[in-house]
Amino acid sequence: NYESQALVKTFEVTDLPVRTAKFVPRKNWIVTGSDDMMLRVFNYNTLERVHGFEAHSDYLRSIAVHPSQPYILTSSDDMLIKLWDWEKKWLCSQVFEGHTHYVMQIVIN
């Protein structure tokens, strides 16, 4: 709770560093990306893992959630940005290539 600065919940994702996490309020999810290259989806009420898969070939650095479509963008030290569609069983529907270094941050404008 940011007002009281009290810890509300905590849970273990992986033994390796978690570099990024985003809330998806319309799905009651927390989506995490970590150094094991995994994208994990948790129900933030039950903390149950809803889905998980290897999303990149190197550390995940950033996650962006589309405000109205069922899309999540991920970026990684593998120099790629990937577009995932959760309504199509987490299909990677597009890969954005061309970066010459790690992609450390992404946003949807």
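The exercises below, each with a worked solution, concern the predicted model shown above.

**Exercise 1. The first sheet**

Work out in which order strands S1 to S4 are arranged, and which strands stand at the edges.

Solution. Begin with the pairs of strands. S1 and strand S2, which covers residues 29–34, run antiparallel and are joined by six bridges, and within this pairing Thr20 has Gly33 in S2 as its bridge partner. Next, strand S3 (residues 38–43) pairs with strand S4 (residues 49–54), again in the antiparallel sense and over five bridges, with Phe42 facing its bridge partner Arg49 in S4. The connection between S3 and S4 is a hairpin that has five residues between the strands, and in its turn Leu47 shows a positive phi of about 65°. Putting the strands together gives an open, antiparallel sheet of four strands in the order S1-S2-S3-S4. The edge strands are therefore S1 (18–24) and S4, each of which pairs on one side only. On average, and with direction ignored, neighbouring strands of this sheet are turned by 15° against each other.

**Exercise 2. The second sheet**

Describe how strands S5 to S8 are arranged, and explain why S5 and S8 each have one side without a neighbour in the sheet.

Solution. The order of this open sheet, which has four strands and antiparallel pairing, is S5-S6-S7-S8. Strand S5 (60–65) and strand S8 (91–96) are at its edges and have a single partner strand each, so one side of each is left without a neighbour in the sheet. The average turn between neighbouring strands here is 25°, direction ignored.

Now follow S6 through its pairings. S5 and S6 run antiparallel and are joined by five bridges, and they form a hairpin with five residues between them. S6 (residues 71–76) also pairs with S7 (residues 81–85), in the antiparallel sense and over five bridges. Ser75 shows both pairings in one residue, since Ser62 stands opposite Ser75 in S6, while Ser75 in turn stands opposite Ile81 in S7. Tyr71 has Asp85 in S7 as its bridge partner. The hairpin of S6 and S7 has four residues between the strands, and Met79 takes a positive phi near 70° there. Finally, S6 is mostly covered, as five of its six residues are buried.

**Exercise 3. Trp90 and its surroundings**

Find out which residues Trp90 touches, and how its ring is placed relative to the ring of Trp86.

Solution. Not counting residues up to four places away in sequence, Trp90 touches Trp29, Leu39, Val41, His51, Phe53, Ile72, Trp84 and Asp85. For the rings, the count of aromatic pairs comes to seven. In the pair of Trp86 and Trp90 the ring centres are 6.2 Å apart and the planes stand at 45°, so the pair is tilted. Both Trp86 and Trp90 are buried, and ring pairs link Trp29, Phe53, Trp84, Trp86 and Trp90 into a cluster.

The last step is to place Trp90 in the nonpolar core. In soluble globular proteins, nonpolar side chains tend to be buried together. The largest nonpolar core here has 13 residues, of which Val31, Leu39 and Trp90 touch the most other members. S2, S3 and S5 are the elements that give two or more residues to this core. A second, separate core has six residues, including Ile81, Leu83, Val103 and Ile106.

**Exercise 4. Salt bridges**

Determine how many salt bridges there are, and which parts of the chain Asp35 and Arg19 tie together.

Solution. The count comes to three salt bridges. In one of them the side chains of Asp35 and Arg19 meet at 2.6 Å, N to O. Asp35 lies in the loop between S2 and S3, whereas Arg19 lies in strand S1, so the pair ties together parts that are 16 residues apart in sequence. For burial, remember that the cut-off is under 20% relative accessible area: Asp35, at 7%, is buried, whereas Arg19, at 38%, is partly exposed.

Asp36 and Arg40 form another salt bridge, with a distance of 2.7 Å, N to O. Asp36 is buried with a relative accessible area of 17%, and Arg40 counts as buried at 8%.

Arg61 and Asp77 also form a salt bridge, in which the closest N and O atoms are 2.6 Å apart. Since Arg61 lies in strand S5 and Asp77 in the loop between S6 and S7, this pair ties together parts that are 16 residues apart in sequence. Both Arg61 and Asp77 are buried.

Terms used: Residues numbered from 1 in each chain as written. Predicted model: local features only at pLDDT ≥ 70, side-chain atom pairs only at ≥ 80, totals over all residues. Heavy atoms only, no water. Pairing = 2+ DSSP bridges. Axes fitted to C-alpha atoms, helices over the stretch in contact; angles between N-to-C directions. Phe/Tyr/Trp six-rings, centres within 6.5 Å; stacked < 30°, edge-to-face > 60°. Buried < 20%, exposed > 50% of the residue type's maximum accessible area, 1.4 Å probe, protein only. Core = buried A, V, L, I, M, F, W, Y, C linked by side-chain atoms within 4.5 Å. Contact = heavy atoms within 4.5 Å. Salt bridge = Lys/Arg side-chain N within 4 Å of Asp/Glu carboxyl O.
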